[in-house]
Amino acid sequence: MSLIQLTVGSYNSPDNQPTIHRFKLDTETGSSTMIDSFVGLSNPSFIAFPQKGVLLAVNEDCNPDDGLTVLHLKDNVYHKIMKSSGEGSAPCHVAVSPDCSFVATANYLGGSVSIFPFDKESGTIGRPKVIQFSGKGSDERRQAGPHAHFVTFTPDGRYMIVPDLGTDALHIIPMKDGKPDGANKTDLKMSPGSGPRHIVFNQKGDIAYLVSELAGTVTIIDYDSEKGTFTTRRVVELDPNHAHASADIHLSSDGRFLYASNRRIDDGLVCYAVDLESGELNRVGFTPTGSHPRNFTITTDGKLQFVACRDDNRIEVYRRNLESGALSLLSTIACPLPVCILLEDSETV
């Protein structure tokens, strides 16, 4: 049989259950078994692997000293190695730089990004430097200040990109000598009150798709690598219910389908067919899921899709039709308040 390993980050639960969970799943039957879990890590709402055997987890506690925790895998069990303050409240996302020389957290309440040096030899992080944002949006309740929500990099490595839900901006930060140059950032402004949240680039690296939480839309953005320019092309409806809670976005590995999630009303995943020549989107399906699908991920072979349904305390496992993009439920995995799923290479046993 073929097995795939999942590492899952969860929000804190009222009964103080573990917040990092590891499972193995049989990709043919969908049956899963728990490998182990980790207790004592607060609100690891997003996690990342900078290298094999090292796990990074944000601590989204809404405190000034929130930061990033490093865990190392030893004897097939994770051990906490260190925690460093990010000097920014409520980090909600962590990304590893293309050369693995630093990691960056998006600090939601802090309205900033923290840049931590990463030592590959020891698998540890150093003290961060902070890039602070400013401004506000048109929604007085949700946009009273900057709310960095995600960090990624252009496929050519020239820019670090930060969607800011609070200021309706895509912060574009040039890389200089391998580090983000916050002093020379520019902004690509989105529609007022839209609330940019997550973004994904196509494989060619010339088109990005941005999900905006408050507007419930997907924005197609053209990127000219030679000129270093970003241009908004078109806005596509994602959430017709206007629940102000659209969340995650991912492309299938072949680039033929784009998925994005909605929450609060008609929770589920919208599927768009992608024109590989133009990058244009055509909505072709919707799959209802469990409550609050905050995060999801797709296997590299495109055959399975995993959805973290936070408020139903489960991960849903779907088979993907490679030709149509349609999803069909294969199995579920019980897990308290799951909000981030990482997949590791499958193995055949």
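**Exercise 1. Surroundings of valine 103**

Task: In this predicted model, identify which residues are in contact with valine 103, leaving aside its neighbours within four places in sequence.

Solution. Step 1: Set aside the residues within four places of valine 103 in sequence. Step 2: List the residues that remain in contact with valine 103, namely Leu56, Leu68, Val94, Ala95, Val96, Ser114, Ile115, Phe116 and Ile125.

**Exercise 2. The nonpolar cores**

Task: Determine which members of the largest nonpolar core touch the most other members, and which elements give two or more residues to this core.

Solution. Step 1: The largest nonpolar core has 23 residues, and those touching the most other members are Ile47, Leu55, Leu68, Leu71, Val94, Val103 and Ile125. Step 2: Two or more residues each come from strands S4 (47–51), S5 (54–58), S6 (67–74), S10 (112–119) and S30 (338–348). Step 3: S5 supplies the largest share of this core, five residues. Step 4: A separate second core, of 16 residues, has Val200, Tyr209, Leu251 and Val270 among its members.

**Exercise 3. The cysteines**

Task: State how many disulfides the structure holds, and explain why cysteine 100 has no such bond.

Solution. Step 1: The number of disulfides in the structure is zero. Step 2: Cysteine 92 takes part in no disulfide, and the nearest cysteine sulfur, in cysteine 62, lies 9.8 Å away. A disulfide requires the two sulfur atoms to be within 2.5 Å. Step 3: For cysteine 100, the closest cysteine sulfur is that of cysteine 340, at 17 Å, and this is too far for a bond. Step 4: Consider accessibility. Cysteine 92 counts as buried because its relative accessibility is 4%, and cysteine 100, with a relative accessible area of 11%, is also buried.

**Exercise 4. Positive phi in aspartate 75 and leucine 337**

Task: Locate aspartate 75 in the structure and decide whether this residue is buried or exposed; then locate leucine 337 and decide whether that residue is buried or exposed.

Solution. Step 1: Aspartate 75 is not a glycine, yet its phi is positive, near 55°. The residue sits in the loop between S6 and strand S7 (77–85). Step 2: With 71% relative accessibility, aspartate 75 is exposed, the cut-off being over 50%. Step 3: Leucine 337, likewise not a glycine, has a positive phi of about 50°. Its place is the loop between strand S29 (327–334) and S30. Step 4: The relative accessible area of leucine 337 is 18%, so this residue is buried, the cut-off being under 20%.

How values were computed. Residues numbered from 1 in each chain as written. Predicted model: local features only at pLDDT ≥ 70, side-chain atom pairs only at ≥ 80, totals over all residues. Heavy atoms only, no water. Core = buried A, V, L, I, M, F, W, Y, C linked by side-chain atoms within 4.5 Å. Buried < 20%, exposed > 50% of the residue type's maximum accessible area, 1.4 Å probe, protein only. Helix = DSSP H or I, 4+ residues; strand = E, 2+ residues; numbered from the N terminus. Contact = heavy atoms within 4.5 Å.
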